[in-house]
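Trainee: Please pick a single part of this model and take me through it closely, together with whatever surrounds it.

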Amino acid sequence: REAVSAEAVSLLVWNESLTRLDFYLAHDRIPDERARPSIADGEGIAGWIAQQDRSFLTNDPASEPHFRNLVDQEAAFVTRSLLGVPLHRAEHVYGVLQALNSKSPDGFGRADLHLLEALADPISVSLDNALTFQLARRERRQNEALFQIGMVLSRKLSLEEIIEVLLEQL
């Protein structure tokens, strides 16, 4: 936000099935994981950026055919200018970073876009590391639960005890 003098930033990352871009950061706010806003593949400017694997700059988003302000409405935010860059993992786009509303009276310029593009690589590496760690932690919890279930099932217990342990672990 500070690098390009923006009022807010949004970060969108593909969900596990690669069908929707989920907002991990929406207008500088971290949404509740259970009610995280998302957009479909190709929807909105962020969806277009991800689909086309191209950066985007506009100082009049309302005039853009891809612009959707659904998340703006939920956050009571008005997008007046927008910079967006794709984030890469290996050779694939896995997310989009957007800077919203330039603090400059002239809006965002090409220099802002080039700066955000330059920052995209180190940001992508950091996010990739965080997502990999999150996945490893979830897999460890799942493996631990399976191990515990296996230990219970290997003992001679009543059906009620087995069901109780299975429900607890699930």
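Mentor: Strand β4 (residues 56–58) is joined to strand β5 by three bridges, and the two run antiparallel. Strands here, like helices, are DSSP runs numbered from the N terminus (E, at least two residues, for strands; H or I, at least four, for helices), and two strands pair if DSSP finds at least two bridges between them. The model is predicted, so local features need pLDDT of at least 70 and side-chain atom pairs count only at pLDDT 80 or more, while totals for chains, interfaces and linings use all residues. Residues are numbered from 1 along each chain as its sequence is written, and side-chain values use heavy atoms, leaving out hydrogens and water.

β5 itself spans residues 82–89, and six of its eight residues are buried, where buried means under 20% relative accessible area, exposed over 50% and partly exposed in between (1.4 Å probe, protein chains only). On the β4 side, Leu82 of β5 is the bridge partner of Thr58. On the other side, eight bridges connect β5 to the antiparallel strand β6 (residues 92–102). Along this pairing Pro86 faces Val96 of β6, and Leu87 stands opposite Gly95. A turn of two residues links β5 and β6 into a hairpin, and Ala90 in that turn has a positive phi of about 60°.

The wider setting is an open, antiparallel sheet of six strands, ordered β3-β2-β1-β6-β5-β4. β3 (38–40) and β4 have a single partner strand each and stand at the edges, so one side of each is left without a neighbour in the sheet. On average, neighbouring strands are turned by 20° against each other, direction ignored; axes are lines fitted to C-alpha atoms, for helices over the stretch in contact, and angles run from 0 to 180 degrees between N-to-C directions.

Two helices meet this sheet. Helix α1 (residues 44–52) lies across β1 (6–14), β2 (20–25), β3, β4, β5 and β6, at about 140° to β6. Helix α3 (residues 110–154) packs on the sheet and touches β1, β4, β5 and β6, its direction making about 40° with that of β5. Contact means heavy atoms within 4.5 Å.

α3 has 45 residues and reaches 64 Å from its first C-alpha to its last, close to the expected 66 Å, the expected span being 1.5 Å times one less than the number of residues. At Ala120 α3 bends by about 35°, and Pro122 follows within four residues; the bend is the angle between axes fitted to the seven residues ending there and the seven starting there. What covers the buried residues of α3 includes β1, β4, β5, β6 and α4 (159–169). Among those buried residues are Asp112, Leu113 and Leu116.

Asp112 has a relative accessible area of 19%. Leaving aside neighbours within four places in sequence, Asp112 contacts Val4, Leu83 and Gly107.

Back in β6, Asn101 counts as buried at 1% relative accessibility. The side chain of Asn101 reaches the backbone oxygen of Val78 at 2.8 Å, a polar contact: a pair of N or O atoms within 3.5 Å, where within protein one must be able to donate a hydrogen and the other to accept it, and residues adjacent in sequence count only if both atoms are side-chain atoms. Not counting residues up to four places away in sequence, Asn101 touches several residues, including Ser5, Phe77 and Phe108.
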